[in-house]
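Dear colleague,

I am passing on the structure we spoke about, with the sequence alongside. Please have a look at it before reading my notes underneath.

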Amino acid sequence: MKKWIVEGFLPMWAKQTVLQDNRSLKRENRRLRQENEQLLSYIRGLEAGIRAAKRITIYNGGKS
């Protein structure tokens with residue numbers, strides 16, 4: 001949000017609310033970006049593991 005709008009036109013209580021909400025949203029955005037990067041890393045690891053596997057063998061403990 002433009003600094004001049006916040007400082008020039010909003011009353012003090014609204015300015016504090018806007019700034020507090022902005023800080024909260026920035027924290028949430030940072031957290032979600034970190035979570036997204038972690039999930040993308042997990043996906044890349046799974047993809048690498050799948051590509052590296054020659055074949056998948058399932059042993060169910062039954063008789064052949």
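Below is what was found in it, going from the whole chain to its surface.

Please bear in mind throughout that this is a predicted model. The chain contains two helices and zero strands, and its C-alpha atoms occupy a box of roughly 80 × 20 × 10 Å when this is taken along the principal axes. The radius of gyration is 25 Å, whereas a compact globule of 64 residues would be expected to have one near 11 Å. Buried residues account for 5% of the 64 residues in the chain, and of an accessible surface of about 6600 Å², 56% belongs to carbon and sulfur atoms.

As for charge, there are 14 positive and 6 negative side chains, and the centres of these two sets lie 6 Å apart. Arg-23, Lys-26, Arg-27 and Arg-30 together form a positive patch on the surface, and Lys-26, one of these residues, has its place in helix α2, which comprises residues 12–52.

A nonpolar patch is also present on the surface, made up of Leu-40, Tyr-42, Ile-43 and Leu-46, which together have about 370 Å² of accessible area. Of its members, Leu-46 lies in helix α2; because its relative accessible area is 42%, Leu-46 is classed as partly exposed, the limits of that class being 20% and 50%.

With best regards

Conventions. Residues numbered from 1 in each chain as written. Predicted model: local features only at pLDDT ≥ 70, side-chain atom pairs only at ≥ 80, totals over all residues. Heavy atoms only, no water. Helix = DSSP H or I, 4+ residues; strand = E, 2+ residues; numbered from the N terminus. Rg over C-alpha atoms; globule rule 2.2 N^0.38 Å. Buried < 20%, exposed > 50% of the residue type's maximum accessible area, 1.4 Å probe, protein only. Areas by Shrake-Rupley, 256 points an atom, 1.4 Å probe, with all protein chains shown as cover. Lys, Arg positive; Asp, Glu negative; His and termini not counted. Charge placed at Lys NZ, Arg CZ, Asp CG, Glu CD. Patch = residues over 30% accessible without salt bridge, like charges linked within 9 Å, V, L, I, M, F, W, Y side chains within 5 Å. Salt bridge = Lys/Arg side-chain N within 4 Å of Asp/Glu carboxyl O.
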